[in-house]
Amino acid sequence: MSDDGIFSRIARALSGAPSPSLPPVPAAPAIPPVEIDYEDDRVPSGAKERIRRILACLVDAEKAMAREQIPGFTQVDVIQMREQHLPKLVKSYIDIPAEHRSEIFRKTGKSASFILNESLDQMQHKVDEILRNLAQHDIDAFTNNTKFIGQRYSDNNPFD
């Protein structure tokens, strides 16, 4: 049986042994981060609040990923969101001349700021999902360790 069979993984989980190393995280794209001032006066205040929350959550996600072995695609998602997707979204909003933003309303029935906020809410939803998945790793590790302790130090241990 291989070293990474189901029984080997269960035994490692119950013993608290570290998991085998995951493959190295793929390098982030060589695209330089998009620079933007999120506090620009052209950014609506509601969007600024959403942006601050997204950025704070991305920092939390990066901290959680630094202490665990997380699949590379999650790390790449977080880096791309912080360095490319969020700044490009905000920059594309800022770049629309104020006198032409009404054209978006005429085409969509929604204001540009409303659409910006909807897009930011979608990003926040994805970040929240990533944070939930990272928390689940911690919950699983804790659960496995408490099960091991319960089995190892129980009075009904047949191996004592």
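# Reading polar and charged side chains

Student: In which helix is Gln84 placed?

Tutor: Gln84 sits in helix α3. Keep in mind that this is a predicted model.

Student: How should I read its accessibility; is Gln84 buried or exposed?

Tutor: The general idea is a cut-off: buried means under 20% relative accessible area. Gln84 has a relative accessible area of 7%, so this residue is buried.

Student: Which backbone oxygen lies by a polar atom of the Gln84 side chain?

Tutor: That of Pro32, at 2.8 Å from a polar atom of the side chain. Pro32 also appears among the contacts of Gln84: leaving aside neighbours within four places in sequence, Gln84 is in contact with Ile31, Pro32, Pro33, Val34 and Ile79.

Student: Is Thr108 a similar case to read? Where is Thr108 found?

Tutor: Thr108 is in helix α4. Its side chain has a polar atom 3.0 Å from the backbone oxygen of Lys110. As for accessibility, Thr108 counts as partly exposed because its value is 44%.

Student: Now the charged residues. How many salt bridges does a search of the whole structure find?

Tutor: The search finds nine. The general idea is again a distance cut-off: a side-chain nitrogen of Lys or Arg within 4 Å of a carboxyl oxygen of Asp or Glu. Take Arg42 as a case: Arg42 forms a salt bridge with Asp40, and their closest N and O atoms are 2.8 Å apart.

Student: Which of these two partners is buried, and which is partly exposed?

Tutor: Asp40 is buried, because its relative accessible area is 16%. Arg42 has 45%, so Arg42 is partly exposed.

Student: With which residue does Glu62 form a salt bridge?

Tutor: With Arg82, the closest N and O atoms being 2.7 Å apart. This pair links distant parts of the chain, as Glu62 is in helix α2 and Arg82 in helix α3, 20 residues apart. Glu62 is partly exposed at 25% relative accessibility, and Arg82 is partly exposed at 28%. The pair also belongs to a network of salt bridges that links Glu62, Arg82 and Glu83.

Student: Which residue does Asp95 meet in a salt bridge?

Tutor: Asp95 meets Lys91, with an N to O distance of 2.8 Å. Asp95 is partly exposed at 47%, and Lys91 is partly exposed at 35%.

Student: How do I read a charged residue that has no salt bridge? Which side chain of opposite charge is nearest to Arg101?

Tutor: Asp40, at 7.4 Å; Arg101 is buried yet has no salt bridge. Compare that distance with the 4 Å limit that defines a salt bridge. Asp40 does pair with Arg42, and Arg42 is itself touched by Arg101. The other residues touched by Arg101, beyond four places in sequence, are Tyr93, Ile94, Ile96 and Ala112. Arg101 lies in helix α4, which spans residues 101–108.

Student: Last, the nonpolar interior. Which residues of the largest nonpolar core touch the most other members?

Tutor: Of its 23 residues, these are Ile51, Ile54, Leu86, Val90 and Leu120. The elements giving two or more residues to this core are α2 (45–66), α3 (72–94) and α5 (112–152). The most come from α2, which gives eight.

Student: What does Ile51 touch, not counting residues up to four places away in sequence?

Tutor: Ile51 touches Tyr38, Val43, Leu86, Val90 and Leu120.

Terms used
Residues are numbered from 1 along each chain as its sequence is written. This is a predicted model: local features need pLDDT of at least 70, side-chain atom pairs count only at pLDDT 80 or more; totals for chains, interfaces and linings use all residues. Side-chain values use heavy atoms; hydrogens and water are left out. Helices (H or I, at least four residues) and strands (E, at least two) are DSSP runs, numbered from the N terminus. Buried means under 20% relative accessible area, exposed over 50%, partly exposed in between (1.4 Å probe, protein chains only). Lys and Arg count as positive and Asp and Glu as negative; His and the chain ends are not counted. Contact means heavy atoms within 4.5 Å. A nonpolar core is a set of buried Ala, Val, Leu, Ile, Met, Phe, Trp, Tyr and Cys residues joined through side-chain atoms within 4.5 Å. A polar contact is a pair of N or O atoms within 3.5 Å; within protein, one must be able to donate a hydrogen and the other to accept it, and residues adjacent in sequence count only if both atoms are side-chain atoms.
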